[in-house]
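Welcome! Take a moment to turn the structure around on your screen, and then read on for a short guided tour of some of its residues, helices and pockets.

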Amino acid sequence: MSTRLLPAFLLIALVGCQTTSAAPESGPASPAASETESASSDSDAATPAAKDASADDHDGRTFDQWLADFRRQARSEGISEDTLARALDGVRYRPRVIELDGSQPEFVRPVWQYLDTAVSNARVTQGRDKLAANRSAAGRAQSSYGVPVEVLTAIWGIESNYGQNFGDFSTLEALATLAYDGRRRDFARGELLAALKIIQAGDITPQRMKGSWAGAMGHTQFIPSSFVSYAKDGDGDGRRDIWASIPDVMASTANYLNRAGWQPGQPWGVEVELPAGFDYAQTELDTRKSAAEWGQQGVRRFGGGELPAFAEASVITPAGARGPAFLVGPNFRAILRYNNATSYALAVASLSERIVGRPGIQGGWPRDEQPLSRTQVRQLQARLQALGYGVGTPDGIMGPNTRAGLRAWQRDQGLVPDGFATLRLLEQLNR
């Protein structure tokens, strides 16, 4: 982990420096197996042939040889022999983990399809029930850390469907496999060492340390380094158990968001209406103005009323000029630290609103538009680059550079320059 707070799954899930994914993976620094990552069964132990097939990429070491070296390193960093034996004896290489780590979906769900699932009526109803059943624990977390109970409940719902789907991979096996053979080996090695520290501290047994293929654990999907830094004992039993203790889950999640910069008493943001002729080049999270300044540009709260008194806020339009617009403040950014995807933060925000009876997102989405696949985004980038719009090397990721280039091309064509890439725009660009 860097010295900054990092959402838990984020680091493992990261696919590019420009990413603002429409279908996030999840979690604190990437805690979570959520909407885009189904939990896989813990039944695909590697054969010796599978281990040996990877050996050529690791200085001739097999997985077992690598693990023996890691044990020596962990011992030198303060992990006891007893912990090493309990945690690592019998740990297996998991080919399925590498398969999932290397998979990059060609098609990314539109933001409205992601929200349809993440904020479904069934999830709202279940969230209300879960909050009613755990209001005492959630309320104590809110009192201690300032994060509203509905936000904590919403993260719980999106990260693991209220505990129904937080994965059944052995965290130790998943991280050992990623440290040996994954895309971010040094990162995974650090997470594996953190997992050993958790076991050595007595918070959880190796057998109960379960989670996603990426190493995220428990109801709200903390990676081990986030657990070490931010997990809390909410029920006073002397252990931090995010697998079975809902008070610990609520306290840990609230502490994470508090440390990520949550501002008590402020909303995450509001849905807004933009004036005709609005400059959509401003719709990036790194463009920040006070709510008063946005109001001077004609930004109005959807349905009427005052804008929140944000000292610094951004306007975002996740589906371009034809979709809803939002004015978001520091608490939206705190949610993004949990998972750095706009659609994820909107899902948490909208689900939290609906759990407490507010309406959620009101504006309509451009459901007749077809967003681009990753291959099509690369085609878009190559075409813009060839035409002199300077988006950089095509990488299939719609980031700020690509959106800026697309807006410039749209402006030159007399179109609304909102930077929202669709199949219709790609076809027009190719013509």
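Let's begin with one residue: Arg-135 has a relative accessibility of 46%, so Arg-135 counts as partly exposed. Do keep in mind as you look around that this is a predicted model.

**Arg-135 and its helix**
- You can find Arg-135 in helix α8, which covers residues 135–145.
- Arg-135 and Pro-247 are 112 residues apart along the chain, and their C-alpha atoms are separated by 9.8 Å.

**The chain as a whole**
- The secondary structure of the protein chain comes to 19 helices and 6 strands.
- The protein chain has 431 residues, and 56% of them are buried.
- Take the contacts between residues at least 6 apart in sequence: 70% of these join residues at least 24 apart.

**Helix α17, a helix with a buried side**
- Helix α17 runs through residues 374–386, which makes 13 residues.
- From its first C-alpha to its last, α17 reaches 18 Å, and this is close to the 18 Å expected at 1.5 Å a residue.
- Which residues of α17 are buried? They are Arg-374, Gln-376, Val-377, Leu-380, Gln-381 and Leu-384.
- These buried residues cover an arc of only 155 degrees around the axis, so they sit on the same side of α17.
- The cover over the buried residues of α17 includes two other helices, α18 (400–412) and α19 (423–430).
- Just after α17 comes Gly-388, which takes a positive phi of about 90 degrees.

**Asp-241, a buried residue in a loop**
- Asp-241 lies in the loop that links α12 (224–230) and α13 (246–259).
- Is Asp-241 buried or exposed? Its relative accessible area is 4%, and buried means under 20%, so Asp-241 is buried.
- A polar atom of the Asp-241 side chain lies 3.1 Å from the backbone nitrogen of Ala-244.
- If you leave aside neighbours within four places in sequence, Asp-241 is in contact with Ile-204, Arg-208 and Asp-248.

**Ser-160, a buried residue in a helix**
- Ser-160 belongs to helix α9.
- With a relative accessibility of 1%, Ser-160 counts as buried.
- What lies 2.7 Å from a polar atom of the Ser-160 side chain? There you will find the backbone oxygen of His-219.

**Ala-291 and its contacts**
- Ala-291 is found in helix α14, made of residues 291–296.
- Ala-291 has a relative accessible area of 6% and is buried.
- Not counting residues up to four places away in sequence, Ala-291 touches Leu-307, Pro-308, Phe-310 and Leu-327.
- Ala-291 and Val-328 are 37 residues apart along the chain, with 9.5 Å separating their C-alpha atoms.

**The second largest pocket**
- The second largest pocket has a volume of about 460 Å³.
- How many residues line the second largest pocket? The lining has 22 residues, and those nearest the centre of the pocket are Trp-268, Gly-269, Arg-301, Glu-353 and Arg-358.
- The elements that give two or more residues to this lining are α9 (149–160), β3 (269–273) and α16 (342–355).

Technical notes:
Residues are numbered from 1 along each chain as its sequence is written. This is a predicted model: local features need pLDDT of at least 70, side-chain atom pairs count only at pLDDT 80 or more; totals for chains, interfaces and linings use all residues. Side-chain values use heavy atoms; hydrogens and water are left out. Helices (H or I, at least four residues) and strands (E, at least two) are DSSP runs, numbered from the N terminus. The expected span of a helix is 1.5 Å times one less than its number of residues. Buried means under 20% relative accessible area, exposed over 50%, partly exposed in between (1.4 Å probe, protein chains only). The arc is that of the directions from the helix axis to the C-beta atoms. Contact means heavy atoms within 4.5 Å. A polar contact is a pair of N or O atoms within 3.5 Å; within protein, one must be able to donate a hydrogen and the other to accept it, and residues adjacent in sequence count only if both atoms are side-chain atoms. On a 1 Å grid over the protein atoms alone, a cavity is a set of points where a 1.4 Å probe fits but cannot get out, and a pocket is an open set with protein on both sides within 12 Å along at least five of seven lines; lining residues have an atom within 4 Å of a point. Grid points are joined across faces, edges and corners, and a volume is the space filled by probe spheres set on the points.
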